[in-house]
Amino acid sequence: MPREKTMDDLFYDGLKDIYYAERKILKALPKMARGAQAPELKAAFEKHREQTETHVERLQQVFELIGKRAQGKTCEAIEGIIAEGEEIMDEFKGTAALDAGLISAAQSVEHYEIARYGTLKTWAQTIGLKDAVPLLDATLKEEVVTDQDLTKLATAKANKKAA
């Protein structure tokens, strides 16, 4: 009979998922920065790439805390979200709507990450991984700020230009 799955298993599975996603995002952000038209949006993507490197490092620390090797597990959700972003870059290249589309794609990524980190933080609290909580919380807070910054860029300029 198979072993009973626990919250520890869920946590580990979610950790592998977001680790894969963050590494995938690291590869996508330079492409998005190159595709962005507004200098502010290029700068935002470059800044978030630097933050994402820190997010990967924090996740590696969490893997160490649970005594597991840092490894990813293919995340179909992030694959799809990134593919949609690439599609926007291809279909809207050179148009006034490109930056608004890129912001939308980036916010889809942020919302996924916010959901994942919020869940992992809660699970870490539940299973007593108190040293993991501040690491996950720090990244969660940065993801929320990035989402808010993207909203400001969209409403201040990109959406108006696209309209």
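## α1 alongside α3

The axes of α1 and helix α3 (residues 76-92) come within 10 Å and cross at roughly 5°; axes here are lines fitted to C-alpha atoms, for helices over the stretch in contact, with angles running from 0 to 180 degrees between N-to-C directions. That makes α1 roughly parallel to α3, since angles under 35 degrees count as roughly parallel, over 145 as roughly antiparallel, 65 to 115 as roughly perpendicular and the rest as oblique. On the α1 side the contact (heavy atoms within 4.5 Å) uses Tyr20, Ala21, Lys24, Ile25, Ala28, Lys31 and Met32, and α3 brings in Ile78, Glu79, Ile82, Glu86 and Met89. Sorted by class, the α1 and α3 contact has eight nonpolar, no polar and four charged residues. For that sorting, Ala, Val, Leu, Ile, Met, Phe, Trp, Tyr, Cys and Pro count as nonpolar, Asp, Glu, Lys and Arg as charged, and the others, Gly among them, as polar.

A word on what you're looking at: this is a predicted model, where local features need pLDDT of at least 70 and side-chain atom pairs count only at pLDDT 80 or more, while totals for chains, interfaces and linings use all residues. Residues are numbered from 1 along each chain as its sequence is written, and side-chain values use heavy atoms, with hydrogens and water left out. Helices are DSSP runs (H or I, at least four residues), numbered from the N terminus.

## α2 and its cover

Now for α2, residues 39-65: at 1.5 Å a residue its 27 residues should span 39 Å, and the end C-alpha atoms are indeed 39 Å apart. The expected span is 1.5 Å times one less than the number of residues. Buried residues (under 20% relative accessible area, with exposed over 50% and partly exposed in between, using a 1.4 Å probe and protein chains only) in α2 include Leu41, Phe45, His48, Thr52, Leu59 and Phe63. Among the elements covering the buried residues of α2 are α1 (7-35), α4 (98-126) and α5 (132-162). Just past the end of α2, glycine 67 has a positive phi of about 70°.

α1 packs on α2 at an angle of about 155°, with the axes 9 Å apart, so the two are roughly antiparallel. Their contact divides into 16 nonpolar, four polar and eight charged residues.

## Two basic residues

Lysine 16 sits in α1 and is buried, at a relative accessible area of 15%. Setting aside neighbours within four places in sequence, lysine 16 touches Phe63, Gln71, Gly72 and Lys73.

Over in α2 there's arginine 49, which is partly exposed at 29% relative accessible area. With neighbours within four places in sequence again left aside, arginine 49 is in contact with Leu26, Leu29 and Pro30. Arginine 34 is 15 residues from arginine 49 in sequence and 13 Å from it in space, C-alpha to C-alpha.

## α4 and α5

α4 also fits its expected length: 29 residues at 1.5 Å each should span 42 Å, and its end C-alpha atoms are 42 Å apart. Glycine 128, just after α4, takes a positive phi of about 80°.

The axes of α4 and α5 come within 8 Å and cross at roughly 160°, which makes α4 roughly antiparallel to α5. By class, their contact has 17 nonpolar, eight polar and seven charged residues.
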